[in-house]
Amino acid sequence: MTTLRQYLDSTACEEPLRDLIELIAYQAIPIREAFIENQSYAGTENVYGEEQAAMDTWADQHLIGVLGESGMVKAIASEEQEDIVLFPDAMGDYSVVMDPLDGSSLIQVNLAVGTIIGIYPGGNALKKGEELTAALYMLYGPLTVLTLTVGEGVCTFALNKEGIYVLMEKDIRMPEGKLYGTGGLKNEWPQEHMDFISLCEQLGGKIRYSGSFVADFHQILKYGGIYCYPALNGKPTGKLRLVYEANPIGFIAAQAGGAITDGRRNLLEVQPEKPDHRTPIYVGSRRMIDLVQSCMKSL
Ligand code: P6P
């Protein structure tokens with residue numbers, strides 16, 4: 001049995017980064033415990049005007065508190081915060097980007113949700129996804145599973161009954177599969193996206209879409225296929241965010257042999273313009289990404 005710490009000690013990760021990853025990963029325990037008391041909507045809105053679930057704010061405040069007290073990070077860019085939270089006196093020299101609780105509205109219907117984290121060296125949180133030094137997500141499903149890359153491939157760990165992360169899978173390679181999931185209302189899909197989804201169906205694709213990016217991506221990581229949140233008619237940048245969602249998940253996908261694009265470019269090469277930079281997202285198996293890019297280029 002390999003624990004998370006034993007795995008981290010086997011990598012080229014420097015000590016402070018190992019400590020930071022462990023600190024964040026184990027916040028899955030208090031976050032999950034808070035679900036039962038925080039299922040309602042908080043009656044507040046985030047910067048996008050989206051109603052915040054109580055767990056959005058709880059997880060956001062919890063993680064900012066823990067990371068701020070740790071002195072390990074200089075900056076935190078959170079989906080639930082309008083501005084980047086700065087800790088200029090921090091000893092540590094990392095920046096964290098995060099979606100504290102992605103898919104939070106699903107907690108009240110008991111579906112899997114997750115926490116998405118990206119870690120950059122230095123005090124600048126607005127960097128390209130390809131500059132990440134680590135990316136991870138905690139998926140709160142039947143198991144609490146940590147998916148992690150420190151740039152040396154992708155591993156998964158499950159919390160055991162003693163509350164310790166133990167290694168489940170190492171060097172994960174995303175298979176070429178045919179699962180597909182897509183967000184947005186069909187009557188808002190641009191023709192190019194409509195054409196791509198028709199192609200997925202013609203190829204015998206099976207639809208898998210739960211409303212939780214982390215859970216839907218985790219299936220793609222395991223079985224292969226593609227997750228889409230496209231540009232929509234009237235909303236050319238779609239819904240999801242480059243900094244907090246696309247980059248950490250895309251970095252993990254790339255480390256497992258997959259890829260992420262907005263339909264035309266490798267999203268990991270895109271410089272974020274602002275913390276709440278939105279982007280269309282297609283993430284999944286290499287061949288599916290090549291397919292969607294060929295559909296978009298044919299315009
Ligand atoms: P829709 C959750 O709000 C989220 O950001 C992703 O986790 C999820 O894939 C998507 O939005 C769901 O959006 O429009 O299908 O409800």
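A polar contact here is a pair of N or O atoms within 3.5 Å. The structure is a predicted model. This report covers the ligand's surroundings and then two helix pairs.

**Around the ligand**

These residues surround the ligand: D102, G103, Y209, G211, S212, F213, Y227, Y229, K239, L240 and E245. Among them, Y209 places a polar side-chain atom 2.6 Å from an oxygen atom of the ligand. Y227 also has a polar side-chain atom by a ligand oxygen, at 2.7 Å. For K239, an N or O atom of the side chain is 2.9 Å from an oxygen atom of the ligand. The table lists these distances.

| Residue | Distance from its polar side-chain atom to a ligand oxygen atom |
|---|---|
| Y209 | 2.6 Å |
| Y227 | 2.7 Å |
| K239 | 2.9 Å |

**Helices α2 and α4**

Helix α2 spans residues 15-25, and helix α4 spans residues 54-70. They pack at an angle of about 150°, with axes 11 Å apart. Angles over 145 degrees count as roughly antiparallel, so α2 is roughly antiparallel to α4. Their crossing is right-handed. On the α2 side, L20, L23 and I24 make the contact. On the α4 side, V66, L67 and S70 do so. By class, this contact has five nonpolar residues and one polar residue, with no charged residues.

**Helices α5 and α8**

Helix α5 covers residues 191-202, and helix α8 covers residues 286-297. Their axes come within 9 Å and cross at roughly 140°. How do these two helices lie, roughly antiparallel or oblique to each other? They are oblique, because the angle is not over 145 degrees and falls outside the other named ranges. The crossing of α5 and α8 is right-handed. From α5, the contact uses E192, H193, F196, L199 and C200. From α8, it uses M288, L291, V292, C295 and M296. By class, the contact of α5 with α8 has eight nonpolar, one polar and one charged residues.

Terms used:
Residues are numbered from 1 along each chain as its sequence is written. This is a predicted model: local features need pLDDT of at least 70, side-chain atom pairs count only at pLDDT 80 or more; totals for chains, interfaces and linings use all residues. Side-chain values use heavy atoms; hydrogens and water are left out. Axes are lines fitted to C-alpha atoms, for helices over the stretch in contact, and angles run from 0 to 180 degrees between N-to-C directions. Helices (H or I, at least four residues) and strands (E, at least two) are DSSP runs, numbered from the N terminus. Angles under 35 degrees count as roughly parallel, over 145 as roughly antiparallel, 65 to 115 as roughly perpendicular and the rest as oblique. A crossing is left-handed if the near helix is turned anticlockwise from the far one by less than a right angle, and right-handed if clockwise. Contact means heavy atoms within 4.5 Å. Ala, Val, Leu, Ile, Met, Phe, Trp, Tyr, Cys and Pro count as nonpolar, Asp, Glu, Lys and Arg as charged, and the others, Gly among them, as polar. A residue is near a molecule or strand if one of its heavy atoms lies within 4 Å of it. A polar contact is a pair of N or O atoms within 3.5 Å; within protein, one must be able to donate a hydrogen and the other to accept it, and residues adjacent in sequence count only if both atoms are side-chain atoms.
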